[in-house]
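Please look at the sequence and the structure below before reading on. The report that follows starts with a single residue and then widens its view.

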Amino acid sequence: MMKESLVKNGTMLGAFAVVTTALIALTFFGTEEKIEQQRKQKLLSVLNEVVPKRYHDNALYADCALIDASELGEQSTHKVYRARLEGKPSALILEATAPDGYSGNIDMVIGVDTSMTVLGVRVVDHKETPGLGDKVELAISDWIKSFSGRKFSSDNTKQWQVKKDGGEFDQFTGATITPRAVVGAVKRALAFTNHNQAQMFNAPNACASGDEELGANVIDTDVIDTNEQPINTNEGEQND
């Protein structure tokens, strides 16, 4: 009797598990395409924020290079999206990571035109302190807009620091580490772009048809001019 009960209960549990797994699988496959569309829409929205439509007539998300460069952050590869107008290079959008935020990595995208004028910067992911470091978010404050319109050159690198360090960017009240990390990451990315802009525009497309093909066509910075050394933004930091 007990054996029959165990078999019956085991069969019921097995059937329940099979049905549940099937429902989860159906839900996943039924929403996979929609989730992918939403991901692309979100990406396109951010890309168009940092490089306005007037700078390009190509699909930004479908034209990118993969860059392996420490100047863009610690992860092995970063995407650089390329804006073109009538087939001519007009702007770049670089993925970059500040590894020295108060609470860890700060991921951002940086838009810059061919004259090295910043078109826009947006933080896309961070874990900074709410009410302090989270002011790097556009939804919290307009601080991130202070990059727009500034032109980078090898002659004005000292300006690309927070005011506390002798630069031109405001720090936050009670929070110096976060803005210092963001400014430092933008500075390093722009210095890298200043030396390697042509190579990034001419690199093979790694996002053909919007499909990101990681592991192929990655630019090796061993064959790219990286005269600008990474900038140390860790000296003299104060707590967030």
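## A partly exposed glutamate

In this predicted model, Glu168 has a relative accessibility of 36%, and because the class between buried and exposed runs from 20% to 50%, Glu168 counts as partly exposed. Along the chain, Glu168 is found in the loop that lies between strand 5 (118-125) and helix 2 (177-202).

Leaving aside residues up to four places away in sequence, Glu168 touches Arg150, Gln159, Gln161 and Lys163. With one of these, Arg150, there is a polar contact from side chain to side chain, at 2.8 Å. Another residue to compare in position is Ser146, which is 22 residues from Glu168 along the chain, while the C-alpha atoms of the two are separated by 9.5 Å.

## From the charge to the rings

Arg150, which makes the polar contact with Glu168, also has its charged end over the ring of Phe169, at 4.3 Å from the centre of that ring. Phe169 in turn belongs to one aromatic cluster, which it forms together with Trp143, Phe147, Phe152, Trp160 and Phe172.

The count of aromatic pairs comes to six. One of them joins Trp143 and Phe147, whose ring centres are 5.5 Å apart and whose planes meet at 85°, so the pair counts as edge-to-face, a class that begins over 60 degrees. Both Trp143 and Phe147 are buried, whereas Glu168 is partly exposed.

## The protein as a whole

The secondary structure of the protein consists of two helices and six strands, and when it is read along the sequence the pattern is α-β-β-β-β-β-α-β. Among contacts between residues at least 6 apart in sequence, 58% join residues that are at least 24 apart.

The protein has 240 residues, of which 42% count as buried. Its accessible surface comes to about 12,900 Å², and carbon and sulfur atoms account for 52% of that surface.

## How confident the prediction is

How high is the mean pLDDT of the protein, and what share of its residues reach 70 or more? The mean is 81, and 69% of the residues reach 70 or more. Over residues 210-239, however, the pLDDT is below 50, although this stretch has 69 contacts in the model beyond near neighbours in sequence.

Technical notes
Residues numbered from 1 in each chain as written. Predicted model: local features only at pLDDT ≥ 70, side-chain atom pairs only at ≥ 80, totals over all residues. Heavy atoms only, no water. Phe/Tyr/Trp six-rings, centres within 6.5 Å; stacked < 30°, edge-to-face > 60°. Buried < 20%, exposed > 50% of the residue type's maximum accessible area, 1.4 Å probe, protein only. Lys NZ or Arg CZ within 6 Å of the ring centre and 35° of its normal. Helix = DSSP H or I, 4+ residues; strand = E, 2+ residues; numbered from the N terminus. Contact = heavy atoms within 4.5 Å. Polar contact = N/O pair within 3.5 Å; in protein donor to acceptor, adjacent residues only side chain to side chain. pLDDT = per-residue confidence, 0-100. Areas by Shrake-Rupley, 256 points an atom, 1.4 Å probe, with all protein chains shown as cover.
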